Amino acid sequence: MISLSGSSFTTSSGLSGSCNPFSRRQGRTHSASVKVVALNSNRERNGSVVMETSLQEMRDGSTVVDVDPKSTVSGGVQDVYGEDNATEDKLVTPWSISVASGYSLLRDPHHNKGLAFAQKERDSHFLRGLLPPVVISQDLQVKKMMHNIRQYEVPLQKYMAMMDLQEMNEKLFYKLLIDNVEELLPVVYTPTVGEACQKYGSIFRRPQGLFISLNEKGKILEVLRNWPEKNIQVIVVTDGERILGLGDLGCQGMGIPVGKLSLYTALGGVRPSACLPITIDVGTNNEKLLEDEFYIGLRQRRATGQEYAELLHEFMTAVKQLYGEKVLIQFEDFANHNAFDLLAKYGTTHLVFNDDIQGTASVVLAGLFAALKLVGGTLADHRFLFLGAGEAGTGIAELIALEMSKQTNMPLEETRKNIWLVDSKVKEKLGPPHYFCSPTPLSTLQVFMLECIFFLQGLIVKSRMESLQHFKKPWAHEHEPVKTLLDAVNDIKPTVLIGTSGVGRTFTKEVVEAMASFNEKPIILSLSNPTSQSECTAEEAYTWSQGRAIFATGSPFAPVEYDGKVFVPGQANNAYIFPGIGLGLIMSGTIRVHDDMLLAASEALAAQVTEENLEKGLIFPPFTNIRKISAHIAAKVAAKAYELGLATRLPQPKDLVKHAESCMYSPSYRSYR
């Protein structure tokens with residue numbers, strides 16, 4: 001049985017969808033005649049219900065000839081699209097919407113269960129003969145998939161297997177990820193996602209999100225309407241300019257939004273259909289990609305200035321117009337200058353969140369809260385030194401200073417004086433050899449060497465004020481210029497050393513030994529991703545500090561044995577924080593992100609670290625309990641939103657933790673009628 005109501009349809013199988021692919025866009029109306037034909041199940045073994053449509057007007061004004069629904073070739077299958085009647089120069093209307101049943105059901109990732117379809121379901125949904133006779137449980141499917149994935153030795157192959165599964169059976173993908181989160185998190189996200197982005201053009205199979213390029217300028221609202229899901233709650237968007245520590249990967253940065261939103265669902269319980277990954281393609285300055293025949297993005301250098309700003313503004317306006325005030329827009333892996341500007345520009349008009357600035361800050365602050373249980377004192381009793389003064393470094397520093405200010409009632413300007421930054425950067429690609437100031441053209445090798453030079457600019461001090469970017473200026477303190485990190489460590493004598501430089505092996509043996517020389521338990525956080533960019537390894541940190549370091553990284557490292565004791569390095573992974581924050585914002589209907597929500601999330605995460613964890617050197621809880629952790633973070637964030645008057649879902653639930661758990665998406669199969 002089929003019932004039509006407005007623009008949606010429901011079937012006896014419980015499936016639903018849109019039955020009108022035509023919409024009114026920018027004041028233009030399409031007239032359509034829709035004929036619904038219930039096909040006899042005895043004649044059509046797949047039980048599909050086909051909705052044939054003939055348009056009187058298309059966007060370009062041309063006319064489509066009505067299709068004869070009985071058209072067949074040699075007594076074959078019904079010609080749904082009219083291809084058999086059409087000549088090569090005749091337009092065909094490829095719009096047909098079918099109830100997911102039979103063969104099509106097995107290819108619908110949202111509803112496919114594979115061999116887990118029960119015998120009754122196989123009868124009612126015309127699956128007989130399309131599957132082997134065995135019926136297995138979802139748990140056995142998980143066991144089988146894990147066995148298959150473990151056969152791959154190359155992480156990228158595991159990543160591709162997981163992406164294939166997501167496109168084939170969505171619920172099994174999330175069940176697999178949730179049940180094996182510690183093993184599979186490095187596969188679907190850092191560090192493997194970095195390699196996936198680098199090779200995205202080569203491994204690209206089918207789109208998993210929306211690509212909005214400069215070609216779509218003036219039409220972004222229409223592009224958003226092309227996405228099949230309409231009730232979007234979370235958008236993760238990147239322009240690909242600063243992917244992890246790998247630099248400008250252009251359009252191939254799509255792997256980051258896709259990966260982040262997988263974690264929103266698996267770890268935070270946000271339903272997959274409410275998530276939308278988006279890449280803004282304004283070109284790339286990566287010459288290697290521009291010359292790569294498999295590159296999937298615009299082959300031009302990056303647009304900047306007004307052209308870039310206008311495209312982003314059109315995007316932000318269209319998102320709010322289509323999805324409303326409460327859609328969460330998460331900025332991901334934008335370059336420093338754009339990241340800070342976008343957050344400042346839209347923070348007062350949209351529900352926006354920058355994971356590189358705010359998420360990283362929140363998770364690191366949580367780790368510091370836990371570390372204080374081992375070293376004693378308050379934040380104000382410690383001195384912090386950062387290597388790296390970009391989005392992550394300044395974001396963490398600002399949240400630490402804000403929390404110190406709240407704890408001590410000191411002005412923010414005063415608490416900042418406990419925090420010092422050494423700025424650094426990797427020289428980005430400058431273009432062809434003639435871009436360099438050289439009387440003669442440089443060789444390819446010379447250009448490569450110049451591009452890969454690591455510049456350590458030194459301690460941020462007052463005397464450098466005029467040359468500093470605006471987001472670095474609050475951290476310019478009175479001090480003599482210091483050029484090297486080792487000299488900065490010896491001069492400042494920090495109790496906490498934090499690396500956000502994106503440059504590997506910069507915490508040298510001399511630096512770690514210096515930290516250990518004036519700290520009984522030096523706190524060393526090597527946060528840069530992926531693993532190759534980490535400032536030092538876990539083994540180096542524990543060995544060079546004689547096993548006294550309290551250590552955490554951004555990428556996963558194996559446990560280390562030193563002097564007969566096993567140390568388990570913590571992972572300061574944003575996946576601890578952003579799924580819970582997102583869930584808290586969604587379930588409370590929050591309209592703006594406030595710094596106090598970030599502090600609340602940090603406190604909630606730190607509260608989940610047990611004494612047993614601390615004894616192993618862990619300042620973050622294990623990921624095995626991540627859904628429980630996310631529920632507690634969501635509850636704290638939502639409570640703060642209600643307290644600040646920013647929540648719109650009223651009344652406030654009495655038990656926010658239980659409410660958060662009840663809102664979480666379940667990957668378990670449902671029975672079909």
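Guide: Contact here means heavy atoms within 4.5 Å. The structure above is a predicted model.

Visitor: What makes Pro522 a contact of alanine 516?

Guide: Contact needs heavy atoms within 4.5 Å. Leaving aside neighbours within four places in sequence, alanine 516 meets that with Pro522, Ser545 and Arg548. Alanine 516 itself belongs to helix α19, residues 509-517.

Visitor: How far is alanine 516 from glycine 547, in sequence and in space?

Guide: They are 31 residues apart in sequence. From C-alpha to C-alpha, the distance is 9.7 Å.

Visitor: Why is alanine 516 called buried?

Guide: Its relative accessible area is 6%. Buried means under 20%. The value falls under that cut-off, so alanine 516 is buried.

Visitor: And threonine 190, buried or exposed?

Guide: Buried: its relative accessible area is 2%, and the cut-off is under 20%. Threonine 190 sits in the loop between α6 (181-188) and α7 (192-198). Beyond its neighbours within four places in sequence, its contacts include Leu185, Leu244 and Asn529. Gly554, Pro556, Gln571 and Asn573 are also in contact with threonine 190.

Visitor: How do you know that β7 and β9 pair?

Guide: Pairing takes at least two bridges. Strand β7 (residues 234-238) and strand β9 (residues 328-331) have four bridges, in the parallel sense. So they count as a pair. Valine 237 stands opposite phenylalanine 331 in β9.

Visitor: In what order do the strands of the open sheet come?

Guide: The order is β6-β8-β7-β9-β10, five strands with parallel pairing.

Visitor: What makes β6 and β10 edge strands?

Guide: Each has a single partner strand, so one side of each has no neighbour in the sheet. β6 covers 210-213 and β10 covers 351-354. From one strand to the next, the twist averages 25°.

Visitor: Which helix lies across β9 and β10?

Guide: Helix α13, residues 336-346. It runs at about 155° to β10.

Visitor: Why is cysteine 663 called partly exposed, when cysteine 275 is called buried?

Guide: Partly exposed lies between buried, under 20%, and exposed, over 50%. Cysteine 663 has a relative accessible area of 35%, so it fits in between. Cysteine 275 has 6% relative accessibility, so it counts as buried.

Visitor: How many disulfides does a search of the whole structure find?

Guide: Zero. A disulfide is a covalent bond between the sulfur atoms of two cysteines. To count, a pair of cysteine sulfur atoms must be within 2.5 Å. The search of the whole structure finds zero such pairs.

How values were computed. Residues numbered from 1 in each chain as written. Predicted model: local features only at pLDDT ≥ 70, side-chain atom pairs only at ≥ 80, totals over all residues. Heavy atoms only, no water. Helix = DSSP H or I, 4+ residues; strand = E, 2+ residues; numbered from the N terminus. Buried < 20%, exposed > 50% of the residue type's maximum accessible area, 1.4 Å probe, protein only. Axes fitted to C-alpha atoms, helices over the stretch in contact; angles between N-to-C directions.
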